[in-house]
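Work through the exercises below with the sequence and the 3D structure at hand, and try each task before you read its solution.

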Amino acid sequence: MMAENTSRSNVWKQCALTGVLTAVYLLIAIPFKAISVIPGFTDIRPVMLLKPVYGVFFGIPGCVAFAIGNLIGDIISDSLRWSSIAGVAANFLGPFFFYFFWKRISKTPFSLRTGKTLLTQLIVIVASAVMEAAVLLPAVKLVDPKIDGMLFAVTVFLNGTMFPLLFGIPLMILMQEELGFKPITKEGGSP
């Protein structure tokens, strides 16, 4: 009975965390929805700075929040299309790359203190952005074949690399070094 209560409590904590992370996502994403590159399909997305943060520090709840936040953003901005299904998948997998890499693949715990780990984080950022473009582009072209595929892919790639590099990495260093957040790694905790 006690284990069942602990399990339920953990589920509610995970749901609450996902809700809070989704709200933070929306607070950052919604104001920038007006800066469209391809109206209805892609825009300038500073919220992408949260992609590595959500994956490394919050794990699966962060990945779910990122996907749900993107879907809600599409609904609010009247950008909901069939390609939004791929958007949910790509926006879940983006932070999941970071979670999976630092939790399952990396032999070292997460830290951005050395040049080697910064380079590793850069590689994961680029791989994540390439994956997002590869998932989204076919879906967008299927929905609207007239979309400039190159412009779309480059915009997705730049959003997925520049914001995590310029703002995500400093935020992660601040969270870990100054605010005491524990990454979800082999030696880290769980949300």
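Glu132 and Lys51 are both buried, where buried means under 20% relative accessible area, exposed means over 50% and partly exposed lies in between (1.4 Å probe, protein chains only). The model is a predicted one, in which local features need pLDDT of at least 70 and side-chain atom pairs count only at pLDDT 80 or more, while totals for chains, interfaces and linings use all residues. Residues are numbered from 1 along each chain as its sequence is written, and side-chain values use heavy atoms, with hydrogens and water left out.

**Exercise 1. Salt bridges**

Task: Find how many salt bridges the rule gives, and state which parts of the chain they link.

Solution: Begin with the rule, by which a salt bridge is a side-chain nitrogen of Lys or Arg within 4 Å of a carboxyl oxygen of Asp or Glu. Applied here, the rule gives two salt bridges.

Take the pair of Glu132 and Lys51, whose side chains meet at 3.3 Å, N to O. This pair links distant parts of the chain, since Glu132 belongs to helix H4 (residues 115-143) and Lys51 to helix H2, 81 residues apart. Helices here are DSSP runs (H or I, at least four residues; strands are E, at least two), numbered from the N terminus.

Next take Glu177 and Arg113, whose side chains form a salt bridge at 2.8 Å, N to O. Glu177 lies in helix H5 and Arg113 in the loop between H3 and H4, so this pair ties together parts that are 64 residues apart in sequence. Finally, compare the accessibility values with the cut-offs: Glu177 has 33% relative accessibility and therefore counts as partly exposed, whereas Arg113 has a relative accessible area of 64% and is therefore exposed.

**Exercise 2. Two packed helices**

Task: Describe how helices H2 and H5 pack, and decide which word fits their angle.

Solution: Two packed helices are described by the angle between their axes and the distance between the axes. Helix H2 (residues 50-76) and H5 pack at about 40 degrees, with their axes 7 Å apart; the axes are lines fitted to C-alpha atoms, for helices over the stretch in contact, and angles run from 0 to 180 degrees between N-to-C directions. Angles under 35 degrees count as roughly parallel, over 145 as roughly antiparallel, 65 to 115 as roughly perpendicular and the rest as oblique, and H2 and H5 are therefore oblique to each other. Their contact (heavy atoms within 4.5 Å) involves residues including Val53 and Phe57 of H2 and Leu171 and Gln176 of H5.

Then look at Gln176, which is in helix H5 and is buried because its relative accessible area is 18%. Leaving aside neighbours within four places in sequence, Gln176 is in contact with Phe57, Phe110, Ser111, Leu112, Phe181 and Pro183.

**Exercise 3. Partners across the sequence**

Task: For Phe96 and Val135, state where each residue lies and which residues it touches.

Solution: Phe96 lies in helix H3 (residues 84-105) and, at 23% relative accessibility, counts as partly exposed. Apart from neighbours within four places in sequence, Phe96 is in contact with Ile60 and Cys63.

Val135 is found in helix H4 and is partly exposed, with a relative accessible area of 27%. Not counting residues up to four places away in sequence, Val135 touches Ala86 and Ala90. Val135 and Ala86 are 49 residues apart in sequence, yet 6.4 Å apart in space, C-alpha to C-alpha.
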